[in-house]
Amino acid sequence: MRGNFKTEAVVLRSIRYGEADRIVHLYSATRGRIGAIAKGSRRPKSRFGGRLEPFFRLNLVLYEGRGELLTVTGASTVDGHGTLRSNGAALGAAGRACDAVLRLLDSGEANEAAYNLLCTYLALLDADPESASAPGAALAFRLKLALAAGFSPELASCASCGEADHLAAFSGSAGGVVCASCEGGGFPFSEEAHRFMVDALARPLSEAPAAERRVAAQADRAITETLDHHAHVHLRAAA
Ligand SMILES: [Zn+2]
């Protein structure tokens, strides 16, 4: 696989390296997670300009050699998401989204659903930065990301015994909603939080349901505990 190849990718994290270089953590359309070095990218006249920064969506040319890190040899901007950068809440939401992708998706295999979801969420935050102050879309993003990574919580019936009724609690270790007889180890989970999660998964991200604070907190806890137990990944609170 040595040589140059092209892919689209989002910059998740950008770290200064040495005197003038930068190491970027990327989530790519065709190769999943990629770590790459951009040599000379911190020089004032670098051909990369300022585009190797978090939240940039780029068309990249990457060189793959013997080492673990690839080398960025070309970069052009698909979308810089300049508007979201002017809003603190949107910046925070974009940062948490990229952090969740970093923690949850570390494979070098393409995951088209995860890539498209990340691009959609960044585009939504950029189109309407104020939307970041409501937790609905942030939680819907995280839930859909868990689904794309293969760790979606069980919401249709009791995750322990399969019972379809009296689903009053959520258990991260069981990986979903649990019924009244299986609720040991779970936490109380309201009907509203349950409905929020079902709706958030069913609807496109741009139509994510709104959630009041108490509902959002329960949904956030449900997603976080599921990923703790099943993906062995701990995410910061979504909102
Ligand atoms: Zn049960």
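Which helices each supply at least two residues of the lining of the second largest pocket? Let's work up to that together. This is a predicted model, in which local features need pLDDT of at least 70 and side-chain atom pairs count only at pLDDT 80 or more, while totals for chains, interfaces and linings use all residues. Residues are numbered from 1 along each chain as its sequence is written, and side-chain values use heavy atoms, with hydrogens and water left out.

**Exercise 1. Describe the second largest pocket and settle the opening question.**

Step 1: Fix the terms. On a 1 Å grid over the protein atoms alone, a pocket is an open set of points with protein on both sides within 12 Å along at least five of seven lines; a cavity is a set where a 1.4 Å probe fits but cannot get out, and lining residues have an atom within 4 Å of a point. Points are joined across faces, edges and corners, and the volume is the space filled by probe spheres set on them. Helices (H or I, at least four residues) and strands (E, at least two) are DSSP runs, numbered from the N terminus.

Step 2: The volume is about 190 Å³. Ser131, Ala137, Leu205, Ser206 and Ala208 are the closest to the centre among the 14 lining residues.

Step 3: The helices are α2 and α3, and α2 gives the most, with three residues.

Step 4: The lining has nine nonpolar, three polar and two charged residues. Here Ala, Val, Leu, Ile, Met, Phe, Trp, Tyr, Cys and Pro are nonpolar, Asp, Glu, Lys and Arg are charged, and the others, Gly among them, are polar.

**Exercise 2. Find the enclosed space and say what lines it.**

Step 1: Searching the whole structure for cavities of 30 Å³ or more gives one. The largest cavity has a volume of about 60 Å³.

Step 2: Its lining includes Ala93, Tyr121, Phe141 and Arg142. Four lining residues come from α1, which gives the most.

Step 3: Sort the lining by class: seven residues are nonpolar, none are polar and two are charged.

**Exercise 3. Place strand β4 among its partners and assign its faces.**

Step 1: Strands pair if DSSP finds at least two bridges between them. β1 (residues 3-17) and β4 run antiparallel, joined by eight bridges; Val10 stands opposite Arg57 in β4.

Step 2: On to β5 (residues 70-79): seven bridges join this strand to β4, again antiparallel. Leu58 stands opposite Thr77, and five residues lie between the two strands of this hairpin.

Step 3: Side chains in a regular strand alternate between the two faces of the sheet. In β4 (residues 57-64), Leu58, Leu60, Leu62 and Glu64 make up the covered face, whereas Arg57, Asn59, Val61 and Tyr63 make up the uncovered one.

**Exercise 4. Work out which strands edge the open sheet of three strands.**

Step 1: The order is β7-β6-β8, with antiparallel pairing.

Step 2: β7 (176-179) and β8 (187-188) each have a single partner strand, so they stand at the edges, with one side of each left without a neighbour in the sheet.

Step 3: Two bridges join β6 (residues 167-171) to β8, and Ala169 has Pro188 as its bridge partner.

**Exercise 5. Classify Cys161 and Cys179, and count the disulfides.**

Step 1: Buried means under 20% relative accessible area, exposed over 50%, and partly exposed in between (1.4 Å probe, protein chains only).

Step 2: Cys161 counts as partly exposed because its relative accessibility is 47%. Cys179 is buried because its value is 2%.

Step 3: With a disulfide taken as a pair of cysteine sulfur atoms within 2.5 Å, the structure holds zero.
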